Amino acid sequence: MSGTAPAPFSADDYQARMERAVRAAGDAGLAGLLVAPGPDMVWLTGYSPPADTERLTLLVLTEDHGPVLVVPALEAADAAKATGAPVMTLRDWTDGQDPYAATAALLDDGGRFGISDNAWAMHLLVLQRTLPGTSYASLTDALPMLRAVKDKAELELLAAAGAAADAAFEEIRTVSFGGRRESEVAADLAELLRRFGHSQVDFTIVASGPNGADPHHEAGDRVIERGDMVVLDFGGLKDGYGSDTSRTVHVGPPTDEERRVHDLVRAAQEAGYRAVRPGAACQDVDRAARAVIADAGYGEHFIHRTGHGIGVTTHEPPYMIEGEEQPLVPGMCFSVEPGVYLPGRFGVRIEDIVTVTEDGARRLNDTTREMVLVD
């Protein structure tokens, strides 16, 4: 890995995002947005408050006034240090005061508002009682594409995260697999992700032999044996942006069937990637990859969507799945990860993060998609 790291986001960057969010809310017929602690707040403001606090923290975005962050007084000092703080008004409250009254004063009692999916129910219910004329829609339903189109700096961060995950794979393929527990190899993967710059490891799936037929297998105590196919799926956050890649390796020489299934999944992954272009629907990517597997007679063994978006979280809209007609737009980033899962025997998955370009697509993972043999 090489190159200069992109400059940190500025207050102007966060202001532009908040203004974009307000416009998107208006276009969706919403009076504004209420953003709770979580990935949306981080993306909009650079502020990451404790997500598990019971004290009301809400970013209020409407056309009637500038961004207002309602925040507990005991966390106001930290909020003021956020990069986006200079372009927000901080309205703090102390224990014993009514934070809902302060929030309600910012809202139209007849308005419909988008609200973070992860907002606490108790906060929403009190707001509804305080302003009975308001109604609410989840941000995922109302503005599923809010964070989907990445700017140049975001794309650079995603590319750097992908390169770090690739570096981890190049290292893990050199270690011994046979005779070791899945959990031991998973620990190696986690250490490698951190070594190559990840601050957060979200998952390290190591699924050997029959465990490979479970797409979300948790690495356990099974001892990896010679002759096993091993699905590796790993990722996390580097500098605030996600990585997620899958490769399937084999301990020693594979059987003809194992190689044939691996080649099939590789062809399906290539077909999904080649379907990515501006204006194509998300479901077109799924259809392209799925058709290759179905035509080979393994359709019933491809049991999940072909892909998911990625950004400040490792799973977010858009989703590459049948029925999703959202057109692809340059700057969108998502996985293309078909798989075949044969219960009781083995599984194969190959995954790259892909970004939509002006004339097609670009992979953010560049390790070989050929079958890799390990010891």
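This short talk walks through a predicted model, from its six-stranded sheet to a hairpin, a helix, a loop residue and two cysteines.

Before the details, please keep in mind that this is a predicted model, in which local features need pLDDT of at least 70 and side-chain atom pairs count only at pLDDT 80 or more, while totals for chains, interfaces and linings use all residues. Residues are numbered from 1 along each chain as its sequence is written, and side-chain values use heavy atoms, with hydrogens and water left out.

Let me begin with the sheet. Helices and strands here are DSSP runs numbered from the N terminus, with at least four residues of H or I for a helix and at least two of E for a strand, and two strands are said to pair if DSSP finds at least two bridges between them. On that basis there is an open sheet of six strands in the order β4-β3-β2-β1-β5-β6, with mixed pairing. Its edge strands are β4 (89-93) and β6 (135-138), each of which pairs on one side only, and the twist from one strand to the next averages 25°.

Within this sheet, β1 (residues 32-35) runs parallel to β5 (residues 112-115), the two being joined over three bridges, and G32 stands opposite F113 in β5. Helix α1 (residues 11-27) packs on the sheet, touching β1 and β2, and its direction makes about 60° with that of β2; the axes are lines fitted to C-alpha atoms, for helices over the stretch in contact, and angles run from 0 to 180 degrees between N-to-C directions. Helix α3 (residues 73-80) also packs on the sheet, touching β3 (68-72) and β4, with a direction about 130° from that of β3.

What does G32 touch? Not counting residues up to four places away in sequence, G32 is in contact (heavy atoms within 4.5 Å) with A25, L61, T62, R112, F113 and G114. G32 counts as buried because its relative accessibility is 3%, where buried means under 20% relative accessible area, exposed over 50% and partly exposed in between, with a 1.4 Å probe and protein chains only.

Turning to the loop between α2 (39-45) and β2 (58-62), we find T53, which is buried at 10% relative accessibility. The T53 side chain reaches the backbone nitrogen of R55 at 3.2 Å, and, leaving aside neighbours within four places in sequence, T53 is in contact with E75 and W120.

Helix α7 (residues 152-172) has 21 residues and reaches 30 Å from its first C-alpha to its last, close to the 30 Å expected at 1.5 Å a residue, the expected span being 1.5 Å times one less than the number of residues.

Further along, β13 and β14 (residues 346-349) pair in the antiparallel sense over four bridges, with L342 opposite F346. The two strands form a hairpin with three residues between them, and G344 in the turn has a positive phi of about 80°. Both faces of β13 (residues 339-342) are covered, since G339 and Y341 on one side and V340 and L342 on the other are all buried.

Finally, how many disulfides are there? With a disulfide taken as a pair of cysteine sulfur atoms within 2.5 Å, the count is zero. The sulfur of C282 has its closest cysteine sulfur in C333, 12 Å away, and is therefore too far for a bond. C282 is buried, with a relative accessible area of 0%, and C333 is likewise buried at 0%.

Note on methods. Polar contact = N/O pair within 3.5 Å; in protein donor to acceptor, adjacent residues only side chain to side chain.
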